[in-house]
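Hi,

Here is the structure I said I would pass on. Have a look at it first, and my notes follow below.

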Amino acid sequence: MRARYDAAVTTDDNRRHWAYADGLSPNASNSAEVRRILRNRARYETANNSYARGIVLTLAHDVVGTGPRLQMLTGDSEANRRIEQAFMLWARSVHLPEKLRTMRMARATDGESFAVLTNNPRLNTEVQLDLRLVEADQVTTPDLDRLSTMAVDGIVFDSAGNPLEYHILRHHPGDRFYSARSEYDRIPATSVLHWFRADRPGQTRGIPDIMPALPLFAQLRRFTLAVLAAAETAADFAGILYTDAPANGEADAAEPFEPIELEKRALVTMPGGWKMAQMQAEQPSTTYGEFKHELLNEIARCLNMPFNVAAGNSSGYNYASGRLDHQTYYKAIRVEQSHLERIILDRILAAWLDEAALIPGLLPDGLGPFAQWPHQWFWDGHEHVDPAKEANAQATRLASHTTTLADEYAKRGQDWETQLRQRAKEIALMSELGLATETLMPTTQQETTNVEDEEVPADDA
């Protein structure tokens, strides 16, 4: 007896569906020409489709937000504060949050984003390190040896698979200065930040995050335009003359398709044997909203984004379902932030510390190499739908010692030491001014939550 898989059987019914399935390697599948086509189409759709633009912007805002915040965890608290303050001043000077958001949007539409660590003497900080963003179109090798097994388009690797250098065109292929013989720079891999998502082992270049949704975006626009065209066509005709008489029957002569001008609020007579009917508005149809809902839900799925975030509409949600849908989305955001920390932020911090160590008095002495400097990154917290319920839950966790102040402040993207120092200053000033400093605790009635209330749809609340 030979077992078989139904999905491996080719029949007349599924032959066309699997016609384009292939066994190409990840780098062969993502060839330079394929990536160019996908980038151009993703950029076009994002530029012309309001939903696509909103989804890409929302993703960048949720992943990066107002920017990461550094917290050093060495044993010297004074040294930690000095490093954190100096780094954050530099981050604001180079517009780091804005550049990270641009990189996230580029990854969504281009599949990958690049940044080159450069020197910028015009910065108003002692550290002159800067980031120069580069579009994926410029990372290419015009004279690539197709027989080379140690290089792909734009990147050269060593025998262990580590990138050695990147080839970056001096002019963008879309610039008027570009020519087929344009020169490129060989940039060491230590100076290039390359952020993309590897979906297959051995993949070295990225494809757009919204790539699976591109045909769906096109269908959404086509359907919307078709509904609008049908509604406009029906609106162009105020009414129509028709007769129940058979062909060549007894009815007064009437010129077919001849327009008739009607006066407002006038009583008119029809030719003998003819009747007038008003055009009925049948667009948009009742399935129009359902179609858009399902299509947007499918579009957002490839980004782990719930429908209400993609559509900017939570009218059909209740409190419980809204929280449940956001759990998967927030987990995906945390995964992306962790990836961003390892690929981009840690390398930026290492380069910044290398240059800062050469500036007398900027960094404390005796801290050892960077690898021994523990640190972490804070991101913007996610606002709770019901702040009162979250505050009660937070108080319960702290009282039962199942959490810490560091964890609770980290969820809000804040440094617990900074917040406590600020709170101590406020309490000291309130005491000096004779103001009450008692902390209001939630009552038992406030802590009680009716489960039935959570199931009430937002529309009915």
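A term to settle before anything else: a residue is called buried when its relative accessible area is under 20%, exposed when that area is over 50%, and partly exposed in between. Asn304, at 33% relative accessibility, therefore counts as partly exposed. Please also keep in mind that this is a predicted model.

Asn304 caught my eye for its backbone too. Most residues other than glycine have a negative phi. Asn304 is not a glycine, yet its phi is positive, at about 55°. You'll find Asn304 in the loop between H7 and H8. His95 is another case, with a positive phi near 60° in a residue other than glycine. His95 sits in the loop between helix H4 (77-93) and H5, and with 46% relative accessibility it is partly exposed as well.

Now the overall picture. The protein chain has 461 residues, and 33% of them are buried. Its secondary structure adds up to 14 helices and 11 strands. If you take the contacts with a separation of 6 or more, 70% of them are between residues 24 or more positions apart.

On to the helix packing, starting with H3. Two packed helices are described by the angle between their axes and the distance between the axes.

How do H3 and H9 pack? Helix H3 (residues 50-63) and helix H9 (residues 319-356) meet at an angle of about 65°, and their axes are 10 Å apart. H3 is therefore roughly perpendicular to H9. The crossing of this pair is right-handed. On the H3 side the contact involves Thr58, Leu59, Asp62 and Val63, and on the H9 side Tyr329, Ile333, Glu336 and Gln337. By class, the residues in this contact of H3 with H9 are four nonpolar, two polar and two charged.

H3 also packs against H5. Here the axes come within 9 Å and cross at roughly 135°, so H3 is oblique to H5. H3 passes H5 in a right-handed crossing. Val56, Leu57, Leu59, Ala60, His61 and Val63 from H3 touch Arg101, Arg104, Met105, Ala108 and Thr109 from H5. The contact of H3 with H5 comprises seven nonpolar, two polar and two charged residues. If you want residues to click on, Leu59 and Val63 appear in the contact with H9 and again in the contact with H5.

While you're at H5, look at Lys99, which lies in that helix (residues 96-110). Is Lys99 buried or exposed? Its relative accessible area is 17%, so Lys99 is buried. What does the side chain of Lys99 have around it? One of its polar atoms is 2.7 Å from the backbone oxygen of Leu131. Setting aside neighbours within four places in sequence, Lys99 is in contact with Val94, Asp130, Leu131 and Leu133. Leu131 thus turns up in the contact list as well as in the polar pairing.

The other helix pair to check is H6 with H7. Helix H6 (residues 214-235) and helix H7 (residues 288-301) pack at about 165°, with 10 Å between their axes. That angle makes H6 roughly antiparallel to H7. H6 passes H7 in a left-handed crossing. H6 contributes Leu216, Phe217, Gln219, Leu220, Phe223, Thr224 and Val227, which meet Tyr288, Phe291, Lys292, Leu295, Leu296, Glu298 and Ile299 in H7. The residues of the contact of H6 with H7 split into 10 nonpolar, two polar and two charged.

Glu298 comes up once more, this time with Pro212. The two are 86 residues apart in sequence, and their C-alpha atoms are 9.6 Å apart in space. Pro212 belongs to the loop between strand S8 (192-196) and H6. With a relative accessible area of 47%, Pro212 is partly exposed.

One last spot is Ser315, in the loop between helix H8 (307-311) and H9. Its relative accessible area of 34% makes Ser315 partly exposed. The side chain of Ser315 makes a polar contact of 2.9 Å with the side chain of Asn313.

Cheers

Conventions:
Residues numbered from 1 in each chain as written. Predicted model: local features only at pLDDT ≥ 70, side-chain atom pairs only at ≥ 80, totals over all residues. Heavy atoms only, no water. Axes fitted to C-alpha atoms, helices over the stretch in contact; angles between N-to-C directions. Helix = DSSP H or I, 4+ residues; strand = E, 2+ residues; numbered from the N terminus. Parallel < 35°, antiparallel > 145°, perpendicular 65-115°, else oblique. Left-handed = near helix turned anticlockwise from the far one by under 90°. Contact = heavy atoms within 4.5 Å. Nonpolar A, V, L, I, M, F, W, Y, C, P; charged D, E, K, R; others polar. Buried < 20%, exposed > 50% of the residue type's maximum accessible area, 1.4 Å probe, protein only. Polar contact = N/O pair within 3.5 Å; in protein donor to acceptor, adjacent residues only side chain to side chain.
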